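Visitor: I'd like to walk through this model with you and ask how each label is earned. Shall we start with the helices?

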Amino acid sequence: RELAPINDGGSCRIDHPVLVSAIGEIRMKPAATLNCEMAATFARWTKKELVPSARWRYLSGVKTIHQGSSYSCRKIAGTSVSSEHARGNALDVMRIELKDGKDIDVRKPGWFAFRQRGLLNNVRSDACDYFTTVLGPGYNYDHRNHFHFDIKPRKNGRRACR
């Protein structure tokens, strides 16, 4: 649903924010505040990549996406640069709950978690076709427990997928 414009000063603003509580029948917990372009991009990736990958790996649909951060007026850790979260351009996914009850935690899976590792590898690699930045476990300590997706405008169409 549409929200009133957000302006928390500086680059902390979204002119046309939306509150995403579901993508079709897939719930978003808690609901995410995003700009329209990020909401549409995330919905497209969810429907075209995440759902088919979960069905292929687990023979199950996706019930809930558990997010850890959407709009947030803040800087990139350790810098004076505004985060893409401050523009509603970013979403952090912590875990994915499947319809069969399986809970896929984004943190690095155990040594013998082949299915989970395969799904998470697909999530990361497929997301790079939709988002300009995809960061997750193994990138750095700050991203040890989630995937960060954003649509930061970049020069020459470059992407940061790590």
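Guide: Gladly! The crossing of α1 and α2 is right-handed. This is a predicted model, where local features need pLDDT of at least 70, side-chain atom pairs count only at pLDDT 80 or more, and totals for chains, interfaces and linings use all residues. Residues are numbered from 1 along each chain as its sequence is written, and side-chain values use heavy atoms, leaving out hydrogens and water.

Visitor: What makes a crossing right-handed?

Guide: The near helix is turned clockwise from the far one by less than a right angle; anticlockwise would be left-handed. The α1–α2 crossing is right-handed.

Visitor: Why are α1 and α2 called roughly antiparallel?

Guide: Helix α1 (residues 36-58) and helix α2 (residues 114-127) pack at about 160°, with axes 10 Å apart. Angles over 145 degrees count as roughly antiparallel, so α1 and α2 are roughly antiparallel to each other.

Visitor: Which residues make the contact?

Guide: With contact meaning heavy atoms within 4.5 Å, they include Trp45 and Leu50 of α1 and Leu119 and Val123 of α2. By class, the α1 contact with α2 has eight nonpolar, four polar and four charged residues.

Visitor: What makes the peptide bond from Lys29 to Pro30 cis?

Guide: Its omega is near -20°, and the bond is cis. Pro30 lies in strand β4 (residues 26-35). Most peptide bonds are trans.

Visitor: What is notable about phi of Leu59?

Guide: Phi of Leu59 is near 55°, a positive value in a residue other than glycine. Most residues other than glycine have a negative phi. Leu59 lies in the loop between α1 and β5 (62-69).

Terms used
Axes are lines fitted to C-alpha atoms, for helices over the stretch in contact, and angles run from 0 to 180 degrees between N-to-C directions. Helices (H or I, at least four residues) and strands (E, at least two) are DSSP runs, numbered from the N terminus. Angles under 35 degrees count as roughly parallel, over 145 as roughly antiparallel, 65 to 115 as roughly perpendicular and the rest as oblique. Ala, Val, Leu, Ile, Met, Phe, Trp, Tyr, Cys and Pro count as nonpolar, Asp, Glu, Lys and Arg as charged, and the others, Gly among them, as polar.
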